[in-house]
Amino acid sequence: MKITIITVFPEFYDSFLKTSIIARAIENKIVSVNFIKFSDMCNIKERIDVPTCGPGAGMVIKPEVVQLAIEKAEKDFGQGYKIFFSPKGEKLTQDLLKDLTRCLDTNFVTQNSLPAFAQGFGGQAGTNASFAKPVPHLILLCARYEGFDARTEQVYANKIISIGDYVVMGGDLPAQVFIESFLRLIPGIVGNQESVQKDSYSGSFLDYPAYSLPKVWNNLTVPEILFSGDHAKIEKWRQEQAAQDTIYKNFDWFISSNPDKKDIDLAKKFIPNHYVVLMHSQVNVTCNNDINNNICVGHTSITSLDIHDIARSSATYGIKNYFLVSALIDQQKILKTFLDFWMSQEGQDYNLSRFEAVSRIIAKLNFDEVIAKIREQEGVEPIIITTSAKESNLGNTGPKVIDYNSQSEIFSQKRPVLFVFGTGQGLSDEILNKSNYLLLPIKGLTDYNHLSVRSAAAIILDRWLGLKNKVE
Ligand SMILES: C[S@@+](CC[C@H](N)C(=O)[O-])C[C@H]1O[C@@H](n2cnc3c(N)ncnc32)[C@H](O)[C@@H]1O
């Protein structure tokens, strides 16, 4: 395969291409790399860049210079798949790299087996290129300054790629990141293809931890199992280590990776049990007969919708028990009436799936009873995460505020997790002060966020434990 790099600074690549695996791939003629320097597309003393139109500073690379460079690359080596690097592009991921190997791999691939985005490149930026089959020529365009004139991307780019949500000085480091990660996937370039297939981000789990000799270093010992000689046991151990590392370090990757049932079952070994409690006592309410609407700590009424709907959300997201707390005997009686029906044979016969959801409900008189029950089941206190529609006003003395990307931080503590939901005017300070963490309020793009507690519970559970499935 041929790679043409169009850049301001070819010298950037001197040691990059002469080192290690890439040098060997070039030596073995698996890949060849050529450069076109933007300044060679101009007359002597002519600048390659021009000021951006409109107010404000900044220079862009002239569109005619880009055009000449691409025309030269294609005249020399044939039609090429053109990648522009830009922080505004599609994020470079292992999935994107895999797709690109299918477009760029040579010879045998037919039009039909191309990924949809590559077929005729119809879905990509307004290119006039049309490819009957994958091309053996890759053209990488690296800008500097403010980047390219937007029209050049519109006309030529088959892909615009960003290496992450940050800005570097030019497209050359992004091109090098791309070349390394892309060539890694081409058979014959990395010696051991098996190790590539097991790389992090190739499946639902990160790679397993690697160890070497000496056996003891810095008082840390290589796990004994690796010396057992039992390959099946070692493989199983490595899979578990990989799953544990993923859940404790990058849970977001796991839930975005389209895990299958086997991966989910393995991951569940490291995701702590989760519990939910809905507080109808120890909550803030408007004080009785108070014309100034002052807030007191009090009770609210149990509602049938919250019993059912939070139980159904709990079943969906694998919540072990859903506690309902009310200190009022009459409210407890209402709840008992509901539960007695659903737990009866009549209830099960009426709607088995509702029975399944409701069967995780436990009634309690106060918050401490909930904690005691979880401690009894798990042998350890839960991590308590409170929820609120308002920002915390407890300052440094209150629970630590966390967001919806904090799962790994919480899961790696290896304790059960309890989400606490309030009713009325929200959880009392007593409950907030007992919690370890407070979750940021749910917000949309408006100033309104007065959600029903069952809606809030569903949204929070989905953000916390929901799969972010992608179309394959
Ligand atoms: C200084 S940057 C221009 C950034 C531009 N003003 C912006 O904020 O989008 C110049 C060039 O560096 C490259 N570049 C910078 N950051 C990048 C990233 N995260 N991914 C890919 N290319 C990047 C692109 O080629 C870009 O056109």
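The expected span of a helix is 1.5 Å times one less than its number of residues. Keep that rule in mind for helix α3 in this predicted model. Helix α3 covers residues 63–77, which is 15 residues. From first C-alpha to last, α3 reaches 21 Å, close to the 21 Å expected. The points below start with this helix, then turn to the cores, the ligand and one buried aspartate.

**Helix α3 and its two sides**

- Five names make up the buried residues of α3: Val-65, Val-66, Ala-69, Ile-70 and Ala-73.
- Seen down the helix axis, these buried residues fall within an arc of 130°, so they line one face of α3.
- An α-helix has 3.6 residues a turn, so residues three or four places apart point the same way.
- The face turned away from the buried side carries Glu-71 and Lys-75, which are exposed.
- Strands help to cover the buried residues of α3, including β1 (2–7), β2 (32–37), β4 (59–61), β5 (81–91) and β6 (137–141).
- Helix α5 (150–156) is also part of that cover.
- Just after α3 comes Gly-78, with a positive phi of about 90°.

**The nonpolar cores**

- The largest nonpolar core has 43 residues.
- Inside this core, the residues with the most contacts are Ile-6, Ala-69, Leu-140 and Leu-141.
- Many elements feed this core: β1, α2 (20–27), β4, α3, β5, α4 (94–104), β6 and α6 (172–183) each supply at least two residues.
- Another core, of 42 residues, lies apart from this one. Among its members are Val-283, Ile-307, Phe-421 and Leu-461.
- Back in the largest core, take Ile-6. Leaving aside neighbours within four places in sequence, Ile-6 is in contact with Ala-69 and Ala-73, among others.
- The contacts of Ile-6 also include Ile-36, Phe-38, Ile-139, Leu-140, Leu-141 and Cys-142.

**Around the ligand**

- The ligand has 19 residues around it. Phe-85, Ala-143, Gly-147, Gly-171 and Pro-174 come nearest.
- Strand β5 gives the largest share of this shell, 4 residues.
- By class, the shell has 10 nonpolar, 6 polar and 3 charged residues.

**A buried aspartate**

- Asp-306 sits in helix α11, residues 304–316.
- Why does Asp-306 count as buried? It has 21 other C-beta atoms within 10 Å, and a residue is buried if 20 or more lie within that distance.
- Not counting residues up to four places away in sequence, Asp-306 touches Leu-278, Val-453 and Arg-454.
- Asp-306 and Ser-452 are 146 residues apart in sequence, but 9.0 Å apart in space, C-alpha to C-alpha.

Key: Residues numbered from 1 in each chain as written. Predicted model: local features only at pLDDT ≥ 70, side-chain atom pairs only at ≥ 80, totals over all residues. Buried ≥ 20, exposed ≤ 12 C-beta atoms within 10 Å, placed from the backbone. Arc of directions from axis to C-beta. Contact = placed C-beta atoms within 7 Å. Near = placed C-beta within 6 Å. Nonpolar A, V, L, I, M, F, W, Y, C, P; charged D, E, K, R; others polar. Core = buried A, V, L, I, M, F, W, Y, C linked by C-beta atoms within 7 Å.
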